[in-house]
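Student: I'd like to learn how to read a structure I've never seen before. Can you walk me through this one, feature by feature?

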Amino acid sequence: MARSSNRIVVPEARMALNQMKTEIASELGLSNYEQIDKGNLSSRQNGYVGGYMTKRLVEQAQRNLAGK
């Protein structure tokens with residue numbers, strides 16, 4: 001079983017990150033993402049979810065830094 005080396009720096013953010021992941025997966029057409037065996041998804045599908053999460057988090061940080 002693969003073990004992720006990623007760790008959440010702010011544990012209080014875990015629920016918000018999981019919700020964001022679910023929302024993005026839904027937008028990409030991956031319904032029931034929480035229950036899906038991620039090993040059965042293609043690398044591209046899994047990568048899209050993580051990529052869009054990163055994109056949104058960067059956009060939010062930029063807006064916060066700009067004071068908007």
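Tutor: Sure, let's begin with surface. Accessible areas come from the Shrake-Rupley method, which uses a 1.4 Å probe. Keep in mind that this is a predicted model.

Student: How much area does the protein chain expose, and what share do carbon and sulfur atoms supply?

Tutor: The exposed surface of the protein chain comes to about 5800 Å², with 51% of it supplied by carbon and sulfur atoms. As for the interior, 12% of the 68 residues count as buried.

Student: And the overall layout? How many helices and strands are there in the protein chain?

Tutor: You'll find two helices and zero strands. Along the principal axes, the C-alpha atoms fill a box of roughly 40 × 25 × 20 Å. For a sense of distance inside that box, take arginine 14 and aspartate 37: they are 23 residues apart along the chain, and their C-alpha atoms are separated by 20 Å. Arginine 14 belongs to helix α1 and is partly exposed, at 46% relative accessible area.

Student: How do I read salt bridges?

Tutor: The general idea is that side chains of opposite charge can pair when their charged atoms come close. Here the count is one salt bridge. It joins the side chains of glutamate 27 and arginine 56, at 2.4 Å from N to O. The two partners sit in distant parts of the chain, 29 residues apart: glutamate 27 in helix α1 (residues 14-27) and arginine 56 in helix α2.

Student: Are those two partners buried or exposed?

Tutor: Glutamate 27 counts as exposed because its relative accessibility is 55%, and the cut-off for exposed is over 50%. Arginine 56, at 26%, is partly exposed.

Student: What about the charges as a whole? How far apart are the mean positions of the positive and negative ones?

Tutor: The protein chain has 10 positive and 6 negative charges, and their mean positions are 7 Å apart.

Student: Now rings. How do I read an aromatic pair?

Tutor: Look at the distance between ring centres and the angle between planes; an angle that is neither under 30 degrees nor over 60 counts as tilted. This structure holds one aromatic pair. Tyrosine 48 and tyrosine 52 form it, 6.3 Å centre to centre with 55° between the planes, so the pair is tilted.

Student: Why are tyrosine 48 and tyrosine 52 separated by about one helical turn?

Tutor: Because they are four residues apart in helix α2 (residues 43-66). Tyrosine 48 is partly exposed at 41% relative accessibility, and tyrosine 52 is partly exposed at 39%.

Student: Which charged end sits over the ring of tyrosine 33?

Tutor: That's lysine 38, whose charged end lies 4.5 Å from the centre of the ring.

Student: One last feature: how do I read phi?

Tutor: Most residues other than glycine have a negative phi. Asparagine 32 is not a glycine, yet has a positive phi of about 55°.

Student: Where is asparagine 32 placed?

Tutor: Look in the loop between α1 and α2. Asparagine 32 is exposed there, with a relative accessible area of 55%.

Conventions
Residues are numbered from 1 along each chain as its sequence is written. This is a predicted model: local features need pLDDT of at least 70, side-chain atom pairs count only at pLDDT 80 or more; totals for chains, interfaces and linings use all residues. Side-chain values use heavy atoms; hydrogens and water are left out. Rings of Phe, Tyr and Trp (its six-membered ring) pair if their centres lie within 6.5 Å; planes under 30 degrees apart count as stacked, over 60 as edge-to-face and the rest as tilted. Buried means under 20% relative accessible area, exposed over 50%, partly exposed in between (1.4 Å probe, protein chains only). A charge sits over a ring if NZ of Lys or CZ of Arg is within 6 Å of the ring centre and within 35 degrees of the ring normal. Lys and Arg count as positive and Asp and Glu as negative; His and the chain ends are not counted. The place of a charge is taken as NZ of Lys, CZ of Arg, CG of Asp or CD of Glu. A salt bridge is a side-chain nitrogen of Lys or Arg within 4 Å of a carboxyl oxygen of Asp or Glu.
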